[in-house]
Each structure stands twice: as structure tokens, then as C-alpha cells.
Amino acid sequence: MNLTITDAAQIFLISKLSKAKTFLLTLNDGSNQFSTAEGCCMIGDRFQIVVVEDKLAPFTIPLESNVFTVYTSEYDKMFLGNQITLDFNQSSHLLVLKNENGILDINVAVRNN
């Protein structure tokens, strides 16, 4: 799986993540220990970036990225698709996650673990 991080998203993430270069791309739908959301109607609908020092079970699947070291889980992989892009919307100041079929999330959360 490939994750392209646009230049705008890179600048935003570098400002948010400080010196961190490793993160998880995971759902924020109540399905994992990092999720702040609860409720079955959000399954596969909300994503988040979680800063970590290294991969952490079950988030051991690397995503090929042009900038950062990124991991996801087998469960999350079902919702991502193959050609994933993380972009930054200049007008809304939000991270946007897309795949080959369209937009996955227009407001990807960023969390320091």
C-alpha cells in the first residue's frame, strides 16, 4: 500500500508533529485504543494520525510513504484502499484522506500518543 503525503500536508504535519517522523494511520471509530469516538455508525468513516516512536501491535503493516514512517493495522487496511493520499485543505485548515475511489475523511485528527 502506498501513502502519498502532499507538500501542503507535509508542512502541516511537520508543524504539528514537531520532530516526530513515525505515526499510525488508524480509524477513529471506537475500534482501537487510540479512538476517542464511540458508535457503530462511524465505522470506517473517521481516521486519525497517532504519533508513536515505533510500530505498535496491531499497527505493524507499513505504508510506503514519501516522507514519514507510517503504520496501519490489518483492520484499518480494509477501509483504506490501495492508493492513499493525505492532503491539506488550505481553506478549511484540515487534513483530508483520499484513495483511488474518492474522499475517505475530510477532517483527519492528529494526536500525540
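Reader: Let me start with a helix: in which helix do Lys77 and Glu74 lie, and how many residues apart are they?

Author: Happy to help, and keep in mind that this is a predicted model. Lys77 and Glu74 both belong to helix α2, which covers residues 74-80. They are three residues apart, about one turn of the helix.

Reader: What do the side chains of Lys77 and Glu74 form?

Author: The general idea comes first. Side chains of opposite charge can pair when their charged atoms come close. Here, Lys77 and Glu74 meet in a salt bridge, with 4.0 Å from N to O.

Reader: Is Glu74 buried or exposed, and what about Lys77?

Author: Relative accessibility decides that, with over 50% counting as exposed and under 20% as buried. Glu74 has 51%, so it counts as exposed. Lys77 has 33% and therefore counts as partly exposed.

Reader: How many salt bridges does a search of the whole structure find?

Author: The search finds two. Besides the pair in α2, Lys98 forms a salt bridge with Asp87, where the closest N and O atoms are 3.7 Å apart. This pair links distant parts of the chain, with Lys98 in strand β7 (residues 94-99) and Asp87 in strand β6 (residues 83-89), 11 residues apart. Lys98 counts as partly exposed because its relative accessibility is 29%.

Reader: In which sense do β6 and β7 pair, and over how many bridges?

Author: To read a strand pair, look at the direction, the partners and the connection. β6 and β7 pair in the antiparallel sense over five bridges. Asp87 has Val96 in β7 as its bridge partner. The two strands form a hairpin with four residues between them, and His93 in the turn has a positive phi of about 60 degrees.

Reader: Which residue of β8 stands opposite Leu97?

Author: That is Asp105. β7 and β8 (residues 102-105) pair in the antiparallel sense over three bridges, and a hairpin joins them through two residues.

Reader: Which residues touch the most other members of the largest nonpolar core?

Author: When reading a core, ask who its members touch and which elements supply them. The largest core has 24 residues, and Ile5, Leu13, Phe23, Ile49, Leu86, Leu95 and Leu97 touch the most other members. Elements that each supply at least two residues include β6 and β7, while α1 gives the most, with four residues.

Reader: Which residues does Phe23 touch, not counting those up to four places away in sequence?

Author: Among them are Ile5, Leu13, Ile49, Phe68 and Tyr71. Tyr71 also appears in a second, separate core of five residues, which includes Leu24, Val50 and Val52 too.

Technical notes:
Residues numbered from 1 in each chain as written. Predicted model: local features only at pLDDT ≥ 70, side-chain atom pairs only at ≥ 80, totals over all residues. Heavy atoms only, no water. Buried < 20%, exposed > 50% of the residue type's maximum accessible area, 1.4 Å probe, protein only. Pairing = 2+ DSSP bridges. Core = buried A, V, L, I, M, F, W, Y, C linked by side-chain atoms within 4.5 Å. Contact = heavy atoms within 4.5 Å.
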